[in-house]
Amino acid sequence: MSLIELVIFDMAGTTVQDRHEVEMCFIEAATQTGLTVSPERVLALQGYSKKYVFELLWSEMIGDNHPDLREFVNNSYHVFCEILENHYHNNDIFPTDGCLEIFDYLKSKEIKIALTTGFYRKVTNIILQKLGWLEGLNANYVGNQNTLIQVSVASDEVLKGRPEPLMIQKAMQTLQVNDAQKVINIGDTPSDLKSGVRAGCRMSLGVTNGTHTRQQLSIHRNDGLLNKVSEIKDIIESLENERTEDKMDFPFLKKLNFLL
């Protein structure tokens with residue numbers, strides 16, 4: 001059995017091409033609803049639950065105790081959802097470079113694949129449907145060894161989204177993977193990295209061809225930064241080679257200790 005039983009991928013920017021359209025949709029919704037925010041601030045909060053981001057930004061702008069805070073947050077989020085859903089309904093969606101390649105590799109190794117996302121379920125399903133990745137999943141978005149992915153977890157299906165580890169933990173529980181040291185987490189945002197670290201994953205990796213650059217991700221705790229997701233193959237094979245070398249060394253060490 002492989003040292004790694006499960007690889008958990010983020011969606012937008014990691015397995016799904018993101019040309020900063022989520023940020024653009026967010027800024028458009030903010031502008032329409034009177035929320036002032038810079039593109040840099042929105043980028044820094046990529047990967048978090050979008051409703052949480054509106055709560056944070058509105059609180060920063062008008063204060064936590066403003067009597068209309070909840071109304072402003074709900075209005076901005078509602079407008080954002082409409083804009084985002086319309087965007088994904090009306091535009092082509094593509095996997096990232098190397099994504100399908102690494103999915104095939106993991107399937108050949110019998111390593112399970114989970115997708116987590118800061119999106120809510122409705123948008124998640126629009127994307128998965130257009131990519132053909134919903135095929136074979138049941139009503140709880142769980143697949144089997146024959147489906148492309150084995151589970152999909154959206155941010156509105158857990159109590160708290162990233163950077164909390166709850167989506168990772170839900171994926172593990174669903175797929176009966178009990179040891180976080182047998183899990184690799186990968187994403188393209190600081191919140192992706194943080195969630196993997198908090199979940200205790202063997203590795204929390206960043207990919208640099210998504211929404212954040214290598215320089216932007218490098219200041220956050222991580223176990224490696226990759227040019228594209230398919231480079232996970234080299235990491236898994238390196239782990240397997242290390243285990244093989246350890247097994248080969250073990251009889252020699254026993255004999256050496258006996259002689260000493």
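Y88 is in contact with E21, V22, I93, F119, V123, I126, I127 and K130, leaving aside neighbours within four places in sequence. This is a predicted model. Y88 sits in helix α4. Its relative accessibility is 3%, so Y88 counts as buried, the cut-off being under 20%. Helix α4 also meets α1 and α3, and α4 gives nine residues to the largest nonpolar core.

**Y88 and its surroundings**

- Two of the contacts of Y88 are E21 and V22, and both residues belong to the α1 side of the α1–α4 contact.
- Y88 itself is on the α4 side of that contact.
- P39 is 49 residues from Y88 along the chain, and their C-alpha atoms are separated by 20 Å.

**Helix α1 against helix α4**

- Helix α1 covers residues 21–32, and its axis comes within 8 Å of the axis of α4.
- The two axes cross at roughly 140°.
- This angle makes α1 and α4 oblique to each other, because only angles over 145 degrees count as roughly antiparallel.
- The crossing of α1 and α4 is right-handed.
- From α1, the contact uses E21, V22, C25, F26, E28, A29 and Q32.
- From α4, the contact uses S76, V79, F80, I83, L84, H87 and Y88.
- Sorted by class, the contact of α1 with α4 holds nine nonpolar, three polar and two charged residues.

**Helix α3 against helix α4**

- Helix α3 spans residues 50–62 and helix α4 spans residues 69–90.
- Their axes come within 9 Å and cross at roughly 135°.
- α3 and α4 are therefore oblique to each other.
- Their crossing is right-handed.
- K50, K51, F54, E55, W58, S59 and I62 form the α3 side of the contact.
- The α4 side consists of L69, R70, F72, V73, N74, S76, Y77 and F80.
- Eight nonpolar, three polar and four charged residues make up the contact of α3 with α4.
- S76 and F80 of α4 appear in the contact with α3 and also in the contact with α1.

**Nonpolar cores**

- The largest nonpolar core has 62 residues.
- Within this core, F9 and I232 touch the most other members.
- Helix α4 gives the most to this core, with nine residues.
- Beyond four places in sequence, I232 is in contact with V7, F9, I102, I184, I186, L205 and L226.
- F9 is thus one of the contacts of I232.
- A second, separate core has 17 residues, among them I8, I168, L175 and A180.

**Helix α8**

- Helix α8 runs over residues 190–198.
- Its buried residues are P190, S191, D192, L193, S195 and G196.
- These buried residues pack against the strands β1 (6–10), β4 (183–187) and β5 (203–207).
- They also pack against the helices α7 (166–174) and α9 (214–218).
- G200 comes just after α8 and takes a positive phi of about 75°.

**T96 in the loop after α4**

- T96 lies in the loop between α4 and α5 (99–108).
- Its relative accessible area is 9%, so T96 is buried.
- Not counting residues up to four places away in sequence, T96 touches G13, T14, T15, V16, Q17 and V229.
- T96 and S230 are 134 residues apart in sequence, yet their C-alpha atoms are 9.8 Å apart.

**Backbone points to check**

- Most residues other than glycine have a negative phi, and most peptide bonds are trans.
- H20 is not a glycine, yet has a positive phi of about 65°.
- H20 lies in the loop between β1 and α1.
- H20 is partly exposed, because its relative accessible area of 31% falls between the cut-offs of 20% and 50%.
- Y141 is not a glycine either, and has a positive phi of about 65°.
- Y141 is in the loop between α6 (121–131) and β3.
- The peptide bond from R162 to P163 is cis, with omega near 10°.
- P163 is in the loop between β3 (151–154) and α7.

Technical notes
Residues are numbered from 1 along each chain as its sequence is written. This is a predicted model: local features need pLDDT of at least 70, side-chain atom pairs count only at pLDDT 80 or more; totals for chains, interfaces and linings use all residues. Side-chain values use heavy atoms; hydrogens and water are left out. Axes are lines fitted to C-alpha atoms, for helices over the stretch in contact, and angles run from 0 to 180 degrees between N-to-C directions. Helices (H or I, at least four residues) and strands (E, at least two) are DSSP runs, numbered from the N terminus. Angles under 35 degrees count as roughly parallel, over 145 as roughly antiparallel, 65 to 115 as roughly perpendicular and the rest as oblique. A crossing is left-handed if the near helix is turned anticlockwise from the far one by less than a right angle, and right-handed if clockwise. Contact means heavy atoms within 4.5 Å. Ala, Val, Leu, Ile, Met, Phe, Trp, Tyr, Cys and Pro count as nonpolar, Asp, Glu, Lys and Arg as charged, and the others, Gly among them, as polar. A nonpolar core is a set of buried Ala, Val, Leu, Ile, Met, Phe, Trp, Tyr and Cys residues joined through side-chain atoms within 4.5 Å. Buried means under 20% relative accessible area, exposed over 50%, partly exposed in between (1.4 Å probe, protein chains only).
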